[in-house]
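Here is a friendly walk through one protein chain, from its overall make-up down to a few individual residues. Keep the structure open beside you as you read.

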Amino acid sequence: MTIKRHLRPRRLAIPGIVLAATGALLGSSALPPLPGFGAREHAPRALNILLMGTDERDSISVTEKNEFHAGGHPCGCTDVLMLVHLSARRDRVTVIGMPRDSSAEIPSYHDEANGVQRPSHPAKLNAAYQEGGPELTIRTVQSMTGVNVDRFVQVDFRRFIDTVDAAGGVEVCTTRPLKDSATKLDLAPGKHRLGGGRALEYVRSRHVDSSADLGRIQRQQRFLVQALRGLQARRLLSDPGRALFLTRTLLGGGRQGFSVNELAQEAVALGRLPASATEFTIVPISGYAPASLGIGSALTWDARKADALFRKVRRDEPLLAKGESHEPQDPPTVLGSTVPVRGSAYACA
């Protein structure tokens, strides 16, 4: 498997980089030109983006941390990992959530801190970033999925809040009360338009019910669908100038490996997709990792089902057959959350 090398950016804090996926594809300037846009007649190819969200929170003020209940002690690991696949024809988007507490095998790597080569070892998936940043996270995901990662995206709390606000907020809906003791999320059944701060609470909440991180991943995916719908309704992506403004807001002034113009172009392409052309799922889970691994409570992927899932990604095939649809479980269960659904099933009525 070919491993693409990435420049390592400054670590960024992030709640859930779901809004970024509506048009954000950040990566490394060491990568070849972005395929599939502007030259589609010349053998376009699919694009795989790894969305990473770290738990670092140094980009927002103390006041904002208190107001949006975003304090706490970060571990420098990833709270969010989603693999986003853009089809070669850019007519389909597949989003696969990977629980942060998944059991993983971290590949061997050179530890820059002490100058030694560390052998491969078991750990939770979110520890890959803590040990070796985005490069090691990408290598770990590639080894687990067999999918080559072309780009990665990171967005901090500041960028998330500002971009949601610049888009006019995002409307979310729920059929049941959503309350979280940690983030203080408190939504009654119905529709709610969330500004950046409250959206931050929504995508970070994992204590709403017993579904824990699976429920949080599902809410992030629901948020992503609604964010895309809102951007489309306001024609913020169909206008290159507006798309460029949102992209600049999302990227901020920090060093990024993906040009603003390139990012805006992909945003315009995604802005034309209906929710029915998007697919969402969570990697299939078979149970818990054995205690003998010494990594704590961790989820084990179902090897057979996960391989079938990622084989479709590698072949640029849809997860759902034409006309096929499923209703998502809410709250999700270990088995129910891994059934692929169309984005239209997550959209507010």
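## A look around the chain

Of the 349 residues in the chain, 57% count as buried. Please bear in mind throughout that this is a predicted model. The secondary structure comes to nine helices and 16 strands. Among contacts in the chain between residues at least 6 apart in sequence, 71% join residues that are at least 24 apart. As for the surface, the chain exposes about 14600 Å², and carbon and sulfur atoms supply 52% of that area.

### Two helices that meet

A good place to zoom in is the pair α3 and α4. Helix α3 covers residues 157-166, while helix α4 covers residues 196-204. Two packed helices are described by the angle between their axes and the distance between the axes. Here the axes of α3 and α4 come within 8 Å and cross at roughly 120°. Because angles of 65 to 115 degrees count as roughly perpendicular and only those over 145 as roughly antiparallel, α3 is oblique to α4. The crossing of the two helices is right-handed. On the α3 side, the contact is made by F157, F160, I161, V164 and D165. Their partners on α4 are G196, G197, A199, L200, V203 and R204.

### An arginine in α3

Is R159, a residue of α3, buried or exposed? R159 has a relative accessible area of 18%, and buried means under 20%, so R159 counts as buried. The side chain of R159 also has a polar contact of 3.1 Å with the side chain of D162.

### Backbone details in the loops

Some backbone features deserve a click as well. Two residues other than glycine, H69 and K184, have positive phi values. The table sets them side by side.

| Residue | Phi | Loop | Relative accessible area |
|---|---|---|---|
| H69 | near 50° | between α1 (62-67) and β2 (78-86) | 32%, partly exposed |
| K184 | near 65° | between β10 (178-179) and β11 (186-187) | 48%, partly exposed |

Why does K184 count as partly exposed? The relative accessibility of K184 is 48%, and exposed means over 50%, so K184 stays in the partly exposed class.

Further along the chain, which kind of peptide bond joins D330 and P331? That bond is cis, with omega at about 5°. P331 is found in the loop between α8 (303-314) and β16 (341-342).

Conventions: Residues are numbered from 1 along each chain as its sequence is written. This is a predicted model: local features need pLDDT of at least 70, side-chain atom pairs count only at pLDDT 80 or more; totals for chains, interfaces and linings use all residues. Side-chain values use heavy atoms; hydrogens and water are left out. Helices (H or I, at least four residues) and strands (E, at least two) are DSSP runs, numbered from the N terminus. Buried means under 20% relative accessible area, exposed over 50%, partly exposed in between (1.4 Å probe, protein chains only). A polar contact is a pair of N or O atoms within 3.5 Å; within protein, one must be able to donate a hydrogen and the other to accept it, and residues adjacent in sequence count only if both atoms are side-chain atoms. Contact means heavy atoms within 4.5 Å. Accessible areas come from the Shrake-Rupley method with a 1.4 Å probe; for residues, only the protein chains shown count as cover. Axes are lines fitted to C-alpha atoms, for helices over the stretch in contact, and angles run from 0 to 180 degrees between N-to-C directions. Angles under 35 degrees count as roughly parallel, over 145 as roughly antiparallel, 65 to 115 as roughly perpendicular and the rest as oblique. A crossing is left-handed if the near helix is turned anticlockwise from the far one by less than a right angle, and right-handed if clockwise.
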